[in-house]
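Me: Please give a close account of a single part of this model, beginning with one core position and moving outward to the charged side chains around it. Please state the cut-off behind each term as it arises.

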Amino acid sequence: MAQLLKEAFGFKTEQRVRLKIETKGADHEDIEHTMPAGSIGVIDHIEVYTNDQGISFHVWIPVDDTNERGIVNVFDQLDGPITDFLEAL
């Protein structure tokens with residue numbers, strides 16, 4: 001079971017961030033999207049797991065101009081330092 005955190009490694013829940021890498025995922029209608037490096041997202045929540053995943057950042061990335069459609073990508077400590085993937089705005 002995971003525990004929710006309000007912040008970790010200088011990032012906070014609901015914070016806007018810029019993605020440093022290309023990110024892929026499916027939206028709520030299972031349509032696959034590829035978002036380029038430099039896309040803007042929002043940290044939806046931060047969790048800490050007791051397994052190897054450690055701390056994970058769940059980031060919502062809008063895929064259209066209305067911000068009604070988006071994908072969620074998860075970055076965790078198994079991927080590497082969060083600063084390799086996200087930049088605070």
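Reply: Ile 61 is placed in strand 8, which covers residues 55–62. Strands here are DSSP runs of E with at least two residues, numbered from the N terminus. The model is predicted, so local features need pLDDT of at least 70 and side-chain atom pairs count only at pLDDT 80 or more, while totals for chains, interfaces and linings use all residues. Residues are numbered from 1 along each chain as its sequence is written, and side-chain values use heavy atoms, with hydrogens and water left out.

With a relative accessible area of 0%, Ile 61 is buried; that term means under 20% relative accessible area, exposed means over 50%, and partly exposed lies in between (1.4 Å probe, protein chains only). The C-alpha atom of Ile 61 is separated by 4.3 Å from that of Gly 41, although the two are 20 residues apart along the chain. Gly 41 also appears among the contacts of Ile 61 beyond four places in sequence, which include Leu 19, Thr 23, Met 35, Arg 69, Gly 70 and Ile 71. A contact is defined by heavy atoms within 4.5 Å.

Arg 69, Gly 70 and Ile 71 lead to the next position, since Asp 27 is in contact with these three residues and with His 33, its neighbours within four places in sequence being left aside. Asp 27 sits in the loop between strand 5 (23–26) and strand 6 (32–35). Its relative accessibility is 7%, so Asp 27 counts as buried. The side chain of Asp 27 also reaches the backbone nitrogen of Glu 29, at 2.8 Å.

The charged side chains come next. Asp 27 forms a salt bridge with Arg 69, the closest N and O atoms being 2.7 Å apart; a salt bridge is a side-chain nitrogen of Lys or Arg within 4 Å of a carboxyl oxygen of Asp or Glu. Because Arg 69 lies in the loop between strand 8 and strand 9 (70–76) and Asp 27 in the loop between strand 5 and strand 6, this pair ties together parts that are 42 residues apart in sequence. Arg 69 is partly exposed, at 21% relative accessibility.

Arg 69 meets a second partner, Glu 29, in a salt bridge of 3.3 Å from N to O. Glu 29 lies in the loop between strand 5 and strand 6 and Arg 69 in the loop between strand 8 and strand 9, so this pair ties together parts that are 40 residues apart in sequence. At 48% relative accessibility, Glu 29 counts as partly exposed. Asp 27, Glu 29 and Arg 69 are thus linked in a network of salt bridges. Side chains of opposite charge can pair when their charged atoms come close.

The loop between strand 5 and strand 6 also holds Asp 30. Asp 30 has a positive phi of about 65° although it is not a glycine. Most residues other than glycine have a negative phi. At 62% relative accessibility, Asp 30 counts as exposed.

The structure holds three salt bridges. One of them joins the side chains of Glu 87 and Arg 18, at 3.1 Å from N to O. Since Glu 87 lies in strand 10 (residues 86–88) and Arg 18 in strand 4 (residues 16–19), the pair ties together parts that are 69 residues apart in sequence. Glu 87 is partly exposed, at 35% relative accessible area, and Arg 18 is partly exposed, at 31%.

Key. Helices (H or I, at least four residues) and strands (E, at least two) are DSSP runs, numbered from the N terminus. A polar contact is a pair of N or O atoms within 3.5 Å; within protein, one must be able to donate a hydrogen and the other to accept it, and residues adjacent in sequence count only if both atoms are side-chain atoms.
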